[in-house]
Amino acid sequence: MNRYLRELGDRALALRLAAAGRVHQYPEIQALKRFLSAFAVDCLFDVGANRGQYATMARKDASYKGLILSFEPNPDVFAELQKQAASDRNWHVFNMALSDFDGTASFNIMAADQFSSLKKPSDGQDAIFAERNRVTKTVEMQCRRLDTLLPELIAQHGFARPFLKMDTQGHDLSVCEGAGDALTTMLGVQTELGVRPIYEGGAGYRAMIDWLEARGFVPSAFFANNKGHFPRLVEMDGIFVNRTLVQA
């Protein structure tokens, strides 16, 4: 009976996403929903939150009820993120970037704000991105290492089973490096995996997969995240599980 009800729920989700033009998100939502539930995640780090699209998806589509900590450097977009989170007492937002150092840095705001990054656009990026992924201005932004910030957040919110999601436009590896040994406390990691170069110095997908595997995270799911760029795969997202959770 439980399996039958789950199948009905999956079909209803697929129909709802299709009606909203979001059917391409179905694999991600299914993978995330199963992961968060199976491993009883109690804190979702939403790094590179933009306007809160991922957190909203986790709440409404992946049925996640736990703590969400969203980080967004762009001050203009952050104002909208604050509005999104205002009515959710278990969703907290921070106007800062996570990186591999504590300090300040110039943050590049792109013509299309979802491309904004601490990285600069790559000269080798595909022409389809050139107009949207160009710097329109820079702002000085506070940056924190996750390993120095984590004790403060645990003391304040009391979570024990965190999951790290990153969408930092070419900067995900720096976020992971800034986590240091604290990365091993994450039950899972979701990261962008660049196949085609969009940002200068961004880690390629092979390098990112190898880096995570060397630190105890193995693939759980992969899905394309560049709707509309057929036939070339530009980026995909990957969910990685802490190896300690799956060892026989």
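Guide: Welcome! A word on terms before we start: a residue is called exposed when its relative accessible area is over 50%, and buried when that area is under 20%. Please keep in mind that this is a predicted model.

Visitor: Thanks! Is Gly-201 buried or exposed?

Guide: Look for Gly-201 in the loop between β8 (188–194) and α8 (205–214). Its relative accessible area is 66%. The cut-off for the upper class is over 50%, so Gly-201 counts as exposed.

Visitor: How far apart in space are Gly-201 and Phe-163, C-alpha to C-alpha?

Guide: Along the sequence, 38 residues separate Gly-201 and Phe-163. In space, the C-alpha to C-alpha distance between Gly-201 and Phe-163 is 25 Å.

Visitor: Let's turn to the sheet. Which strands stand at its edges?

Guide: Three strands form an open sheet with mixed pairing, in the order β4-β6-β5. Two of these strands have a single partner each, so one side of each is left without a neighbour in the sheet. Those edge strands are β4 (97–99) and β5 (103–110).

Visitor: And what does the twist average from one strand to the next?

Guide: Happy to follow that up for the open sheet β4-β6-β5. From one strand to the next, the twist averages 50°.

Visitor: Which residue of β6 stands opposite Ser-99?

Guide: Start with the pairing: β4 runs parallel to β6 (residues 135–145), and three bridges join the two strands. Ser-99 belongs to this picture, and the residue opposite in β6 is Arg-145.

Visitor: Which helix packs on the sheet?

Guide: The helix in question touches β4 and β6. Its direction makes about 65° with that of β6. It spans residues 146–157 and is named α6.

Visitor: Now a helix pair. What is the distance between the axes of α2 and α3?

Guide: Helix α2 (residues 26–38) packs against α3 at an angle of about 65°, and the crossing is right-handed. The axes of α2 and α3 lie apart by 10 Å.

Visitor: How many charged residues are in the contact of α2 with α3?

Guide: From α2 come Glu-28, Ile-29 and Leu-32, while α3 brings Tyr-54, Met-57 and Ala-58. By class, five residues of the contact are nonpolar and no residue is polar. Glu counts as charged, and the number of charged residues in this contact is one.

Visitor: Some backbone angles caught my eye. What is the phi of Ser-63?

Guide: Most residues other than glycine have a negative phi. Ser-63 sits in the loop between α3 (53–60) and β2 (67–71), and is partly exposed at 38% relative accessibility. Although Ser-63 is not a glycine, its phi is positive, at about 60°.

Visitor: Gln-169 also has a positive phi. Is Gln-169 buried or exposed?

Guide: Gln-169 is found in the loop between β7 (162–166) and α7 (172–179), with a phi near 55°. Its relative accessible area is 7%. The cut-off for the lower class is under 20%, so Gln-169 is buried.

Visitor: Last topic: how many disulfides does the count come to?

Guide: A disulfide needs two cysteine sulfur atoms within 2.5 Å. For Cys-43, the nearest cysteine sulfur, that of Cys-176, is 15 Å away. For Cys-143, the nearest is again that of Cys-176, 15 Å away. By this rule, the count of disulfides is zero.

Visitor: Is Cys-43 buried or exposed?

Guide: The relative accessibility of Cys-43 is 0%, and that of Cys-143 is 1%. Since the cut-off is under 20%, Cys-43 counts as buried.

Key:
Residues are numbered from 1 along each chain as its sequence is written. This is a predicted model: local features need pLDDT of at least 70, side-chain atom pairs count only at pLDDT 80 or more; totals for chains, interfaces and linings use all residues. Side-chain values use heavy atoms; hydrogens and water are left out. Two strands pair if DSSP finds at least two bridges between them. Helices (H or I, at least four residues) and strands (E, at least two) are DSSP runs, numbered from the N terminus. Axes are lines fitted to C-alpha atoms, for helices over the stretch in contact, and angles run from 0 to 180 degrees between N-to-C directions. Contact means heavy atoms within 4.5 Å. Buried means under 20% relative accessible area, exposed over 50%, partly exposed in between (1.4 Å probe, protein chains only). A crossing is left-handed if the near helix is turned anticlockwise from the far one by less than a right angle, and right-handed if clockwise.
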